[in-house]
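New to this one? Here is a quick briefing to read alongside the sequence and the model.

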Amino acid sequence: MSNFYVISSILDNDFYKFTMQNAVIKLFPSVKARYELINRGKHFFPKNFANIMKETINIMSDLKLSDKEKIFLEKSCPYLDSSYLNFLKEYQYNPKEVSVSQTGENIKIRIEGLWYRTILWEVPLMAIISELYYKLIGAKCIPEDIIISSTKEKLIFYKKLEVKIGEYGTRRRFSYKVQNLVLKVLTEEKLPFFIGTSNVHFSHIFSINPIGTQGHEWIMFHAAKYGLNIADRTAMENWLNIYKGKLGIILSDTYTSSIFFKNFNKKLSNFFKGIRHDSGDPIVFIKKTIKHYKKLGINPLEKIIVFSDNLTPKKVAYISSFCKKKIIPFFGIGTNFTNDVGLPTMNLVIKMVETFFDKKWISVVKLSNVKEKSTGRKNMLILARKNLHL
């Protein structure tokens, strides 16, 4: 078993999982959630994959937040209060919340339990699936020195573009080792345009800022509880109530950007520093965003768009040139940093599919700007589109 991948720190996860967990504990402590693996790329899994994955998950129950990690969070994330950090210090993964099964070359993964507990599973499970898959199929990546030189070339390119970039690649990394290698390169020269990583464990190791926004599940739950039409708005208001204007980037595509902008009123548009773009044509989105701010009398040059949709250097160049003198672009680069190793990348997601409150399970959906990124039961997606007149 020692040959296989094990998550070595409770902080080896995306930053927004912890900020959402804090908000869920404060506002929705009795809500339950169910998540499922969605195999968008129709990948076939090797024999015994599920059993090895189960062993890896069981080992995660030993993880605990160390004193050093807690001190790091206190210093770098002052908006996470002591009651939350004390909770996290006692938190341990419960493998009983995750079921993994395999039929032939297909695997099924389901997570179920209290939302504030199960919220931390998604990202490490995705990282485990990715690393185990490549190991078990015997995939060989390009040599380390080429990964290093390729990352350095990208940095030279981004420096010339004069753009701000962050690393968002935990869930689809080729391996822990490759992400560590890439972040070593990204951090060793103390480049002012590198704004941090979404991985809190690596933030701690390299003494840099953890960065992130929210996940779609935050807004998907609000749709189930308060209704699709006002989900974006209530999710933003609750975020503001918890973080008082800190963590000021909001996610825009859970129910398409057109519905988001209807919810993004003047108060919210002023309070939040910017918006994250995660699906659909980026140029169309930039135009819509600028139009929205101008209509409200807000200067778009004081606002940020964080782009995070499958970015490559070419895509970053294209988007940043369009943003010039219009709005501030930031770029959260994932797979192109942590899985650019000469192999096909995986296309999988783990998404919330149901939530439990008021004594019943309710299906949740995500209606992205592109159909292939939408998730949820087919009949619920049809119903949601009808309700939102999409």
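Leaving aside neighbours within four places in sequence, Leu-228 is in contact with Ala-223, Tyr-255, Val-365, Ala-384, Asn-387 and Leu-388. You'll find Leu-228 in the loop between α10 and α11, and with a relative accessible area of 16% it counts as buried. Keep in mind throughout that this is a predicted model.

**Around Leu-228: helices α10 and α11**

- Leu-228 has Phe-337 sitting 109 residues away in sequence, and their C-alpha atoms are 35 Å apart in space.
- The two helices on either side of the loop, α10 (residues 216–226) and α11 (residues 231–243), pack at an angle of about 115°.
- Their axes are 8 Å apart, and α10 passes α11 in a right-handed crossing.
- On the α10 side, Trp-218, Ile-219, His-222, Ala-223 and Tyr-226 make the contact.
- On the α11 side, the residues that join in are Ala-231, Asp-232, Thr-234, Ala-235, Asn-238 and Trp-239.

**The open sheet**

- Five strands, in the order β2-β3-β1-β10-β11, form an open sheet, and the pairing is antiparallel.
- Which strands stand at the edges? They are β2 (98–103) and β11 (360–363); each has a single partner strand, so one side of each is left without a neighbour in the sheet.
- On average, neighbouring strands of this sheet are turned by 25° against each other, if you ignore direction.
- At one edge, β2 pairs with β3 (residues 106–114) in the antiparallel sense over 6 bridges, and Val-100 has Ile-109 of β3 as its bridge partner.
- Helix α2 (residues 49–59) lies across β2 and β3, running at about 165° to β2.
- At the other edge, β10 (residues 349–357) and β11 pair in the antiparallel sense over 4 bridges, with Glu-354 standing opposite Ser-363 in β11.
- The hairpin of β10 and β11 has 2 residues between the strands, and Asp-358 there takes a positive phi near 50°.

**Helix α4 and its two faces**

- Helix α4 covers residues 82–90, and Tyr-84, Leu-85 and Leu-88 are its buried residues.
- Looking down the axis of α4, you'd see the buried residues fall within an arc of 95°, so they line one face of the helix.
- What does the face of α4 turned away from the buried side carry? That face has the exposed residues Ser-82 and Glu-90.
- The cover over the buried residues of α4 includes α1 (15–27) and α3 (67–76).

**Helix α15**

- Helix α15 spans residues 313–323, with Pro-313, Val-316, Ala-317, Ile-319, Ser-320 and Cys-323 buried.
- Several elements cover these buried residues, including α7, α14 (282–295), β8 (304–307), β9 (328–333) and α16 (335–338).
- Just after α15 comes Lys-325, which takes a positive phi of about 60°.

**The cysteines**

- How many disulfides does the structure hold? The count is 0.
- In case the term is new to you, a disulfide is a covalent bond between the sulfur atoms of two cysteines.
- Buried or exposed: where does Cys-77 fall? Cys-77 is buried, with a relative accessible area of 0%.
- Cys-323, one of the buried residues of α15, also comes in at 0% relative accessibility.
- Cys-141 is partly exposed, with a relative accessible area of 28%.
- Cys-141 sits in the loop between α6 (122–136) and α7 (144–161).
- Not counting residues up to four places away in sequence, Cys-141 touches Ile-147, Phe-174, Val-341 and Leu-343.
- Asn-339 is 198 residues from Cys-141 along the chain, while the C-alpha atoms of the two are separated by 9.2 Å.

**Glu-122 in helix α6**

- Glu-122 belongs to helix α6.
- Is this residue buried or exposed? Glu-122 is buried, at a relative accessible area of 5%.
- Which residues is Glu-122 in contact with, leaving aside its neighbours within four places in sequence? They are Lys-17, Arg-171, Glu-217 and Ile-350.

Notes
Residues numbered from 1 in each chain as written. Predicted model: local features only at pLDDT ≥ 70, side-chain atom pairs only at ≥ 80, totals over all residues. Heavy atoms only, no water. Buried < 20%, exposed > 50% of the residue type's maximum accessible area, 1.4 Å probe, protein only. Arc of directions from axis to C-beta. Contact = heavy atoms within 4.5 Å. Disulfide = S-S within 2.5 Å. Pairing = 2+ DSSP bridges. Axes fitted to C-alpha atoms, helices over the stretch in contact; angles between N-to-C directions. Left-handed = near helix turned anticlockwise from the far one by under 90°.
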